Amino acid sequence: MNLQPITNVYFIGIGGIGMSALARYFNANGKVVAGYDRTSTDITEMLEKEGIKVHFTDEVEVIPASFKNTTTTLVVYTPAIPKDHKELTFFQENGYQVVKRSEVLGFITKNSFCLAVAGTHGKTTTSSILAHIMVESGASVSAFLGGIAENFNSNLVLKGSEYTVVEADEFDRSFLRLSPNIACITSMDADHLDIYGDEQHLIEGFHEFAGKIKPGGSLIVRNGLNIAGETYGLDDNSDYSFQNIHIVDGIYHFDFKYAGGIYKDITFMKPGRHNLLNALAAVTMAVKAGIAPEKLLPHLATFKGVKRRFSYIIKEKDFVFIDDYAHHPSEINALYQAVAEMYPNTPKTIVFQPHLFSRTRDFMNDFAKSLSQFDEVILLDIYPARELSIEGITSQVLLEKITTSKKTLVSKTELIPLLLKKRPQLLLAVGAGDIGAEVAHIKEAMKK
C-alpha cells in the first residue's frame, strides 16, 4: 500500500466504531476525509464536527468530486457493507485503490511497536485500559479503539508514535492483517460462526493470529485457554495475577504479582471480575512492553471506562440504570456477575435486544440460560445488522425458552410506557444493536 500520493481518503461505512477511528486518524494527519454511512449517529455527528463530510445516500453522484481521482484517492470499506453497494462497486470497477479497514490498520501499525488485544470478549475495555495507563505513564502512544474511551472521550488516541495499541478483531479474520510485537488473547468462546463455520475453526483462527507475532515478541493469554503463551489470571498459578482481591465501598482493592515481585494495594473502580481480568491483561501487556509497574498501576484507579460497557446512566439511591454492549451469552453472564456483586439484594431487570439472527440461532439455549438469571426480562426484536431474517429464529422463540417468570416481548415504541408502569429498581439496557439509541430516551422518561 502506497500512501505517498494519497491526499483524499474515502470511507464506506464511516460511522462504524473502527472505521471512524481511522477516519479521524487520517483527518488528523492532514488528509481530506469523507464518507458514506447508512444513518446519522452520534459518531457521524462527531466526525462532521471535526470537518469530515458524511452523507447517507448510496449514490455515486453524491461522492465529492475531489474524491473521483484514482491517483490521489484511497477507498476504505468495512466488510459489513453489502457487495452490491453502489459506491463500493463504482470504486472497485474504476481503478481505485480499494482496501478493507483491516489492511489499513495493519499498514499503519506495521512499523511501530504494536500491542494488539484479541479475543471474543474484552478487547475494547482491555485496549482502552492499556492506552490509558500507558499515556498516563508518559509513554508515546497512539491507539485505535473499538469504543469511546471515557478518559479520552474518543476511539482514537494520538499521544505519540512509539507504541500503537489496537484491537485485533476476529470478525472476517481481520486480525490476520496485523503483525504485533505483543499480543494478548482474552477469550476464544464460539462466536462469528457465520464467518468460521464452527468453534474449532474459530480457535484455529486465533492460533493463526498468534503466529503473526513479530520475531522476539510475546503472547499473553488468559489462564485456561488452550494456546501456548505467558498467562494472566486471578489465581496463584498464573505468570501474572491480581491477588488478595476485596471490595471496599464498591471499589476493588488487590495486589499485582509478576516475575519482579508483588506490587501492593492497587485500586480499580469498574465492577465485575471480567473487568479485573481486562485490567490485568492491560497491565501485563504494558509491563511486557518494558514499562515499570510502579508507573502504570496507580493509574488503574483513574480509568473511567468505555461508553456502553457497564456505563451508569442513572445512579441514585432508589434507582440504578446501566447501559451495556453485551451481545453474547458469556458477556451477559459476566454482566450479571458484576451487577450481582455490586447489588446483591436488589431485583434486576434487563432489557435485551438480540444482535444478529445467526448469533441468536447459534446460541439460543445459552442466551436463554444467561438471561434467566435476571429477575425480569424484557426482550426486543432481533437487530438484523448485516443479515436477512432466518425462518424460525425470533425473539418470541427465545422468550419461550427463558425460565424467569417475569418476561415479556415488546416493540421499541412499547418499551418506555412499560418501564414507567413497572418502575424497576435496577434496570439494564443491553445489546449491540440500536438499543443504545434508546438509552437517552429511557433516561429522560425515568428521570421525570
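In this predicted model, Thr 120 sits in the loop that links strand S6 (113-118) to helix H5 (123-136). Its relative accessibility comes out at just 5%, so Thr 120 counts as buried. According to the UniProt annotation, from an unreviewed entry, Thr 120 is part of a "binding site" that also takes in Gly 119, His 121, Gly 122, Lys 123, Thr 124 and Thr 125. That last residue, Thr 125, is found in helix H5 itself. Thr 125 has a relative accessibility of 8% and is therefore buried too, given that anything under 20% goes into that class. What does Thr 125 touch, once residues up to four places away in sequence are set aside? The contacts are with Asn 275, Asn 278, Phe 303, Val 306 and Arg 309.

Moving on along the chain, strand S7 (residues 141-149) has nine of its nine residues buried, so the rest of the structure largely encloses it. S7 pairs with strand S8 (residues 154-159) through five bridges, and these two run antiparallel. Within this pairing, Ser 142 faces Leu 158 of S8. The two strands make a hairpin, with four residues in between, and one residue of the turn, Asn 153, has a positive phi of about 50 degrees. S7 also pairs with strand S9 (residues 163-168), this time in parallel and over four bridges. Here Ala 143 of S7 has Val 165 of S9 as its bridge partner. In general, the strands of a sheet are held in pairs by backbone hydrogen bonds, in either a parallel or an antiparallel sense.

Then there is an open sheet of six strands with mixed pairing, laid out in the order S16-S17-S21-S18-S19-S20. The edges are taken by strand S16 (311-315) and strand S20 (406-409); each has a single partner strand, so one side of each has no neighbour in the sheet. From one strand to the next, the twist averages 15 degrees. Inside the sheet, strand S18 (residues 348-352) and strand S21 (residues 426-430) run parallel and share five bridges. Phe 352 is placed opposite Val 430 of S21.

Which strands does helix H14 (residues 412-422) lie across? They are S18, strand S19 (376-379), S20 and S21, and the helix runs at about 165 degrees to S19. Helix H15 (residues 439-447) packs on the sheet as well, where it touches S16, strand S17 (320-324) and S21. The direction of H15 makes about 15 degrees with that of S16.

Back towards the start of the chain, helix H1 (residues 17-28) packs with helix H4 (residues 101-109). Their axes are 10 Å apart and meet at an angle of about 50 degrees, and H1 and H4 are therefore oblique to each other. The crossing of this pair is left-handed. On the H1 side, the contact is made by Gly 18, Met 19, Leu 22, Tyr 25 and Phe 26. On the H4 side, Arg 101, Val 104, Leu 105 and Ile 108 take part.

Definitions and conventions
Residues are numbered from 1 along each chain as its sequence is written. This is a predicted model: local features need pLDDT of at least 70, side-chain atom pairs count only at pLDDT 80 or more; totals for chains, interfaces and linings use all residues. Side-chain values use heavy atoms; hydrogens and water are left out. UniProt positions are given in the numbering used here, feature names are shortened, and annotations may be inferred rather than shown by experiment. Buried means under 20% relative accessible area, exposed over 50%, partly exposed in between (1.4 Å probe, protein chains only). Contact means heavy atoms within 4.5 Å. Two strands pair if DSSP finds at least two bridges between them. Axes are lines fitted to C-alpha atoms, for helices over the stretch in contact, and angles run from 0 to 180 degrees between N-to-C directions. Angles under 35 degrees count as roughly parallel, over 145 as roughly antiparallel, 65 to 115 as roughly perpendicular and the rest as oblique. A crossing is left-handed if the near helix is turned anticlockwise from the far one by less than a right angle, and right-handed if clockwise.
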